[in-house]
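Student: Hi, could you walk me through a structure today?
Tutor: Sure, let's look at it together.

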Amino acid sequence: MSTETPASEEIGENRYVAVARTPEFDALRSTLRKFVFPVSAAFLIWYALYVLLSAYARDFMSTKVVGHINVALIFGLLQFVSTFLIAWLYARYAERRIDPLADDLRAKIEGAPAAGTAAAAATEGEGDA
Amino acid sequence: MPDQVYLAATSVTTQRTLTLTLFVILVGVTLGITIWASRQNRTAADFYAGGRSFSGFQNGMAIGGDYMSAASFLGIAGIIALNGYDGFLYSIGFLVAWLVALLLVAELMRNSGRYTMADVLAFRMRQAPVRTAGSISTIIVSIFYLLAQMVGAGALVALLLGIKAGDTFMGMSAETAKIVTIALIGVLMIVYVTVGGMKGTTYVQIVKAFMLMIGALVLTLLVLAHYKFNLSSLLGEAAAKSGRNPTDAFLEPGLRYGREFAGNATATLVSKLDLISLGLALVLGTAGLPHILIRFYTVPNAKAARKSVVWAIGLIGVFYLMTLALGFGAAALVGRQAIVAQDAAGNTAAPQLAQELGKRYLGGDFGGSLLLAIIAAVAFATILAVVAGLTLASSSSLAHDLYANVIKRGQTDERQEVVVARYSAFVIGAVAIVLGIVARNLNVAFLVALAFAIAASANLPAILFSLFWKRFNTRGATWGIYAGLISAVGVVLLSPISWGGVSDARTPATLTASQAKDCGVAQTSKEVSNATALFSCTTAAPIPLENPGLISIPLGFIFAAIGAMTSKERDPDKYSELEARSMTGAGAH
C-alpha cells in the first residue's frame, strides 16, 4: 500500500473538495486568515523595527530610563511581552472562533463523528490547562 | 592570574569525580528510558511520531528540549558575558521565530502531513522530485546543526572535565578526550534513535528540558538574590567589570553585531547588514527546521499541536530571560578575564558562574564543584537531546522520503520502512561521528546560523507556498528549495567565514601568536581579518557578509514563485483537498 494519504481512500477525495467549496469553508478560511496574516505582518514589522533600531539608532537605544536600564533592554523585553501576548491571543481566538467551525466541517467530511474520536478529543482538551 | 581560577588544582579530582558520576547517572537514566520506550515501539507511527500519543504540554517540553541547544544555553550566556547586550539580540530572534511556527505552520502541518516535512510539500505535487529536494534539504540542515553540536560538545566536555592542552586525564590528552566525547555522543544518539525511536527521543528531550529549566532557574535566583533582586545594580556591576570603555557600551547593542568602524563607512555598512541578515535568518529559520517540524506529528491533533507551541513559547521565553541573568551574572561575578582565560568564545561562562555561586552560597569549594558538575551534566543532557532529535529527523526523511517514496515509489510495507529508518540512523550517526572528529578543531559555530539560514531560505518558502498558494506546484517547490539551499551555502563559501583576508569591508584583526603561525604571517600583520577562516586567512572574501540570509532568503522565495509561475502544472482539486484537510483536520493521521 502506498504511504500517501491512505485515509482519502476511505472517505473519498471528492468529499474534501466538495466541502472545501462550501460557504461554511470559506468562512473558516477567512476566519483563520484574517487573524494570522495581519498578526504575522505586525509582529514581523515590530521585530524588524527592533533590529533596525539596534543597528541604526544607537543613541536612542542607549538612552537610560531607570538606573542602568536603558531603552534597548526595555525594547528587547517588550519583544518577549508581545510574543507571549500574541501566543495567548491566538490560542484564545483559535479556541473560540476557529475550532468550532473546523470541527463542524470535519464532521461533515468524515460523516457522523465516531463516538471514540469525540471522546478522545474531549480528553485531550482537558489534558492541558 | 585572576583571583578566581576556574579549577583550583586541589579540587580537580573532586570536580572530575562529581562531573563524571553525574554524566554516568544521566546516561544510565536516559538509556533506561530509551529501553523502556522501545517496548512500545512497534509501528511506523511509533517510530516516527511516538505513536502520536504525547499531550500538548509534554510536546511543548520536548520542543523546548529539542530547540534549546548547547549553542543557546552556553553560547548565548557566553556572548552576553563577553559582549553584553548583543547576546540578547540572538535570544529575541530565537523566540519571536516561534510565532511564525504557531500562526502559519504548526497546525496546518500537523493536519496534512504524516512523518516528515516533505510529506506536506509533496502532498499535491509530483512525489519523486519534491521529496528528493525536501529530503536533501532536511539532511543538510540536520547534519550541519549536528556537526556544530558534536564539535562543540567535544571541546566542552574537555573543558568541563578540566583537561587543558598538555594535561592528561585517565591517560587521555585534551585532544583524545575530544575524540572520545564526539564518538561517545554519536553512539548514544544512535542508540536513543534506533532503540527508542521518537518516543525514546521525546522522553530524553523532556528530561533535558526539565533539567535545563531547573538548572537555569537555580542559577538565576542565586544571581538575582546576590543583587537583592535589583536588576539595575546587576547590570551596573556587569558593565563595570566588562572592561569596556565607556562601560555602558556593554549594555547597549553594537559590540559584536552591527559594529561601527570609525572612518570606515563600508565596514560599518556591512556589519549592519550582517546584523539584519542574522536577524532575518533567526526569525524565519525556526519554522523551517525539520527536527522541530516533525515534533508536531507526535501529538494527536492540531489543537494539541497549538498547545504544544504555546507551552514551548512560554518555556523558551522564560529560559532566554534567564540567560540574561546568567550572562550578565557571569560578567559581574566571574569577570571577563577569568572567562576568556578558560574559553575565548565564552562557552564556559555559565558553568564558571555556577562554580562561583556554589562557592559563595553552597559552602565553599565543594559547593562550587557540586554546582559546576550539575550544570555540566545539564549541558551534557542538552547536547544529547538535541543531537538525538537531529538524527531522528534526518533518518526519518532518508527512510520515509527517499527510500519509501522515491526509490520504492511507495511500494513498501511499514515494517521494512522502519528497518531502513534504523539503518539510516546508524549511517547518519556514523557520518556525523567521522565528520565531527575531522572537524573537531575547526571553528564550526557558524554552522548553527547557517542551518537557520538554509531552513529559512530553502524550507520556509516551500512550506508557506504549499500551504497558502493555490498556484504552487512541483517546479516551484524544487526551484525554491534548491535556490535557497545553494545560495545559502554558496554565500558562506564566498564569505569571510571561508576567506579571512582584509578588504574595504573587513578590518584587520589582532592576532595571537598561534593564529599568526597557523596563517603563516607575522603577528603584527594587517592582512588577516578572520584568522579562523576555513580556506585562507589572507585572501579577501568576494562577499563580505558572514550571514547569508539577506541574500538567500529572498532568492528562495523568488525562485519558488518564478518556478511556480513558469510551470503549467496546476491541480485546484488537490489544493482544495489540502485546504480542507489542513484546516479541519479531517482524515489526519
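Student: What is the radius of gyration of chain B, and what would a compact globule have?
Tutor: In this predicted model, chain B has a radius of gyration of 24 Å, and a compact globule with 589 residues would be near 25 Å, so the two agree. The radius is taken over C-alpha atoms, and the globule rule is 2.2 Å times the number of residues to the power 0.38.

Student: And what does the C-alpha trace of chain B span along its principal axes?
Tutor: About 70 × 55 × 45 Å.

Student: How much of chain B is buried?
Tutor: 65% of its 589 residues. Buried takes 20 or more other C-beta atoms within 10 Å of a residue's own, with C-beta atoms placed from the backbone.

Student: How many helices and strands are in chain B?
Tutor: Chain B has 21 helices and two strands. These are DSSP runs, numbered from the N terminus: H or I of at least four residues for helices, E of at least two for strands.

Student: Is α10(B) enclosed or not, and why?
Tutor: It is largely enclosed by the rest of the structure, because 16 of its 21 residues are buried.

Student: New topic: how many residues of chain B are in contact with chain A?
Tutor: 54 residues of chain B, which meet 58 of chain A. Contact takes C-beta atoms, placed from the backbone, within 7 Å.

Student: Which element of chain B gives the most to that side?
Tutor: α5(B), with 10 residues.

Student: How do I read the labels?
Tutor: Residues count from 1 along each chain as its sequence is written, and chains are lettered from A and ligands numbered from 1 in the order written. As the model is predicted, local features need pLDDT of at least 70 and side-chain atom pairs count only at pLDDT 80 or more, while totals for chains, interfaces and linings use all residues.

Technical notes: Two residues are in contact if their C-beta atoms, placed from the backbone, lie within 7 Å. A residue is buried if 20 or more other C-beta atoms lie within 10 Å of its own, exposed if 12 or fewer, and partly exposed in between; C-beta atoms are placed from the backbone.
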